[in-house]
Amino acid sequence: MLLLAALLLPVWHALAQAPGADMPEMADALRQSGKIYVVVAVIAVVLTGLLIYLITLDRKIGRLEREIKD
Amino acid sequence: MFLKTNWWKAVAVLLLLYTAVAGLLMPVPRLAILNESIRNLYFHVPMWFGMTIILATSVYYSIRYLRTPTLQLDILSHESAKTGIYMGIIGLSTGSIWARYTWGTWWTNDPKLNGAAIAMLIYGAYLVLRSSFQDEQQRARISAIYNIFAFAAAMPLFFILPRLTDSLHPGAGGNPAFAKYDLDSNMRLVFYPAVIGWTMLAFWVTQVACRLAFLKQKVYEKQLA
């Protein structure tokens, strides 16, 4: 639930925002075509992958610690 | 650092995923030259925050080592310093990419940049110094002392000397780094979680590395016995 909220809240926020005229150039076109979300998804997957790797390493070391204790 | 619980790791995961998504999608101020690259604030700057905190932790363990020399404290201090050095290298390279597309060059002889580079070299010497000892206790004691010196030398190079002169980099030449962004509450909404999240990740990685080193030590002691 919390995880979903952390991911969806900013998406909703970005969708609600309208670009103004006569302003410095931003990635509005990317957002309009929707493709910035592809990048966001890719980064989210990369980050998730790395974090899962760290979690498995953490658990493997935890198991070793228990093994060595006895 | 040695919290036995794991809930804070879940918090770190949440904060980092939030940073990645919100950091790219939340509204940011429209500024010329910076454009969307202002979002680097959520990724480049937390590296330096995390580095400073983890290096301070390393000094804390070094001081504790000098008071009560145990191998554990040496490992804690060494692994913390290593994580800090990793973050510093990532900070330098991300800053270099950012500079290329805002200042037009990968590197410039800016006091902030050169200060950071020299500070990283000082820490590089820490690793070289450590690896040059055969005797474990000598290595631990001398690198603990050097670590304290390195921190004392690096912090002014990062945060004080660049402020005394003019610099392209925000947070130099007398101007505080975040005055411009602090006014924007939307950016704060991502920036603070980002700093906390990346710093927690640094502690997590350090904790895993330390536990591995402790295990190695235990196995080694068992083999001797």
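What is the mean pLDDT of chain A, and what percentage of its residues reach 70 or more? In this predicted model, the mean pLDDT of chain A is 75, and 56% of its residues reach 70 or more. Chain A is in contact with chain B, and the nonpolar core with the most residues is built from elements of chain B.

**Chain A**
- Chain A contains 3 helices and 0 strands, giving the order α-α-α from the N terminus on.
- Of its 70 residues, 4% count as buried.
- Among the elements of chain A, helix α3 (residues 36-69) has the highest mean pLDDT, 86, while helix α2 (residues 28-32) has the lowest, 64.

**Contact between the chains**
- On the chain A side, 28 residues are in contact with 25 residues of chain B.
- Both α1 (2-16) and α3 of chain A supply at least two residues each to the side that touches chain B.
- The largest share of that side, 14 residues, comes from α3(A).
- By class, the side of chain A that touches chain B has 23 nonpolar, 2 polar and 3 charged residues.

**Nonpolar cores**
- The largest nonpolar core has 47 residues, and those with the most contacts inside it are B:Val21, B:Ala119, B:Tyr123, B:Ala154, B:Val190 and B:Phe191.
- Two or more residues of this core come from each of α1 (7-25), α2 (44-67), α3 (71-102), α4 (111-131), α5 (136-160) and α7 (185-224) of chain B.
- Leaving aside residues up to four places away in sequence, B:Ala154 touches B:Ala119, B:Ile122 and B:Tyr123.
- A second, separate core has 8 residues, including B:Tyr65, B:Ile75, B:Ala144 and B:Cys210.

How values were computed
Residues numbered from 1 in each chain as written. Chains lettered and ligands numbered in written order. Predicted model: local features only at pLDDT ≥ 70, side-chain atom pairs only at ≥ 80, totals over all residues. Helix = DSSP H or I, 4+ residues; strand = E, 2+ residues; numbered from the N terminus. Buried ≥ 20, exposed ≤ 12 C-beta atoms within 10 Å, placed from the backbone. Core = buried A, V, L, I, M, F, W, Y, C linked by C-beta atoms within 7 Å. Contact = placed C-beta atoms within 7 Å. pLDDT = per-residue confidence, 0-100. Nonpolar A, V, L, I, M, F, W, Y, C, P; charged D, E, K, R; others polar.
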